[in-house]
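User: I am new to this structure and would be grateful for a close look at a single part of it, the salt bridges, together with whatever surrounds them. Please set the account out as one connected description.

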Amino acid sequence: KIKMRKELYRPEKNKLHKEMLLDKPSSWWWGGLGLIMFICLLNYCYVDLQMIVRHSINFWNSLFKDGILHFYRTGSQLTIGNANPQSGEVPYDIWIYLPIAVWNLPTYIWEQITGLTFETNFVALLWARIGNLFPFVGCNWAICKIGELLLKENKKIIWACYFFSSSMFLINGLFCLGQIDIFNTFFMLMGMAAYIRKDRKKFFIWFALAVTCKMFALFVFIPLLVLNEKRILYIIRGLLAALSLSLLSKIIFFYDKMATPTQFDERRFLRLLFERRLDLVGITVSVFVILFLALLIWCWYTKYEDINREYVVIWVAFAGYSCFFLGATTLPYWAVVYSPFVALLILLYPERTKILIWLETAAGAAYFIMGLCNYGYAYAASANIRWMLAGILNGREIRGVDFSRLFDNLSEGAGQNIEALLTGVFITTIAAMLIITWPGRKKQHKDEMEIDKGSVFARFALNSFFALLPLMAYFII
């Protein structure tokens with residue numbers, strides 16, 4: 001009887017199962033994602049982006065008036081327009097300001113003609129926001145190139161682009177906050193593509209560009225370098241190649257930077273890097289140092305020719321950034337660099353697509369809520385929404401809610417419990433993805449990518465809700 005029942009019901013279950021599977025992202029999925037991105041683009045613009053654009057516009061003033069060698073000194077004395085009248089540090093190397101300055105040249109000309117500042121002009125802010133979409137498109141192109149190196153199936157590559165574009169790490173960092181870490185992500189992906197092709201020269205060039213955007217690109221570069229190179233002098237030479245552009249900028253503008261209040265921003269980065277510590281009976285040990293050194297030791301003793309090379313490369317890059325985000329204090333928008341990895345991992349582990357996207361969704365949600373609790377001002381009207389479309393519709397009112405203040409108003413025990421819960425979810429989900437995709441595991445023979453409608457819809461709905469949460473709070477509260 002049991003055998004007859006199985007034969008009777010199995011065809012129906014298999015038929016239903018196949019109907020729930022998706023062959024590729026439909027135009028509806030892309031359209032819904034595009035709509036969420038468009039809404040965020042029109043209504044969010046974090047003040048840090050305004051600061052970066054203001055300094056990039058100052059590049060033209062330095063070039064034509066004050067002298068380019070006074071770029072940092074004059075930039076640190078600028079006020080950030082009428083939107084936020086305060087002096088701002090100029091933290092990045094000169095190279096990152098160049099493409100932003102070129103894109104915002106029309107804004108500079110408009111300011112010279114009108115005498116107004118772009119920080120309170122919706123069209124000018126939107127123009128600045130659109131500039132960040134070019135490296136975003138470049139990231140999708142780079143994922144396609146890496147996908148072509150890993151496999152030849154277009155269906156899987158399209159899914160990889162969709163999961164990258166719909167990642168909460170990306171939506172939060174690029175579309176809700178609008179920081180420039182997407183440049184770092186693009187250069188990193190291009191560097192990884194060169195590494196997989198064994199193009200050593202381009203690998204160094206792309207990562208030199210990534211490092212000049214943010215120093216933590218080194219946490220991918222160094223493990224990949226050690227994985228391939230075991231000679232100490234050659235490792236040092238490769239490290240200098242990756243640091244070359246950043247060092248060149250610091251040498252050229254050394255005296256100019258020393259005359260600014262903040263001088264070199266790397267000091268703050270190092271403070272955040274070693275802020276998470278383990279207390280071992282009076283001795284504190286950096287969590288990041290333990291994790292990252294363990295990864296480097298593994299890379300040193302791993303002969304990746306013995307295993308599938310591509311699996312090791314993607315996993316090591318993912319593990320490098322995982323050491324950083326698990327072991328150091330990070331800012332919400334930095335996690336943009338995390339967004340491509342689930343996309344790349346599903347190319348290698350298509351049979352584990354469902355569990356990977358669910359783990360990544362949980363990690364992204366936990367990280368986003370932690371950002372709301374600890375850096376809620378970044379999503380508040382005064383620092384983000386007020387001068388965009390939502391502010392125009394709402395009479396430029398500074399209202400809504402600063403989620404970090406709500407978090408601070410909780411009792412000490414409640415706040416600690418929430419933070420412990422979110423941190424636990426984030427660490428566990430990232431650790432689970434690292435274990436599931438461990439390159440030493442035997443590869444499954446099943447290469448089918450089974451993606452059901454329910455998982456894709458639930459992920460999209462959850463990420464959309466979180467992305468629009470600060471905007472809803474601005475209108476409702």
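Analyst:

**A salt bridge and its surroundings**

E119 and R54 form a salt bridge in which the closest N and O atoms are 2.9 Å apart. The model is a predicted one. E119 belongs to the loop between α6 (105–114) and α7 (122–131), whereas R54 belongs to helix α3, so the contact ties together parts that are 65 residues apart in sequence.

Both partners are hidden from the surface. The relative accessible area of E119 is 0%, and E119 is therefore buried. R54 has a relative accessible area of 9%, so R54 also falls under the 20% limit for a buried residue. The pair is part of a wider arrangement, since R54, E111 and E119 are linked in a network of salt bridges.

The helix that carries R54 deserves attention in its own right. Helix α3 covers residues 47–66 and has a kink of about 25° centred on W60. Of the 20 residues of α3, 16 are buried, so the rest of the structure largely encloses this helix. Just after α3 comes G67, which takes a positive phi of about 100°.

The structure holds ten salt bridges, and two others may be set beside the one just described. One of them joins the side chains of E148 and K145, with a distance of 4.0 Å from N to O. Here both residues lie in helix α8 (residues 133–150), three residues apart, or about one turn of the helix. E148 is partly exposed, at a relative accessible area of 38%, and K145 is partly exposed as well, at 31%.

The other joins R231 to E229, and its closest N and O atoms are 2.8 Å apart. R231 counts as partly exposed at 46% relative accessibility, while E229, with a relative accessible area of 6%, is buried.

The numbering leads on from R231 to a nonpolar patch on the surface. I232, L233, Y234, I236, L240, L247, I251, I297, W300 and Y301 make up this patch, which has an area of about 1100 Å². Two or more residues of the nonpolar patch come from each of α14 (232–252) and α17 (287–301). The largest contribution is that of α14, with seven residues. W300 has its place in helix α17. This residue has a relative accessible area of 31% and is thus partly exposed.

A pocket completes the description. The second largest pocket holds about 250 Å³ of space. Its lining consists of 14 residues, and those closest to its centre are R276, T330, M370, N374 and Y375. The elements that give two or more residues to this lining are α20 (353–374) and α24 (412–436). Of these, α20 provides the largest share of the lining, four residues.

To return to the part under study, the bridge between E119 and R54 has two buried partners, and it connects helix α3 with the loop between α6 and α7. By contrast, the bridge between E148 and K145 stays within helix α8, and its partners are partly exposed.

Conventions. Residues are numbered from 1 along each chain as its sequence is written. This is a predicted model: local features need pLDDT of at least 70, side-chain atom pairs count only at pLDDT 80 or more; totals for chains, interfaces and linings use all residues. Side-chain values use heavy atoms; hydrogens and water are left out. The bend at a residue is the angle between axes fitted to the seven residues ending there and the seven starting there. Buried means under 20% relative accessible area, exposed over 50%, partly exposed in between (1.4 Å probe, protein chains only). Patches are made of residues with over 30% relative accessible area and no salt bridge: like charges are joined within 9 Å, nonpolar side chains (Val, Leu, Ile, Met, Phe, Trp, Tyr) within 5 Å. Accessible areas come from the Shrake-Rupley method with a 1.4 Å probe; for residues, only the protein chains shown count as cover. On a 1 Å grid over the protein atoms alone, a cavity is a set of points where a 1.4 Å probe fits but cannot get out, and a pocket is an open set with protein on both sides within 12 Å along at least five of seven lines; lining residues have an atom within 4 Å of a point. Grid points are joined across faces, edges and corners, and a volume is the space filled by probe spheres set on the points.
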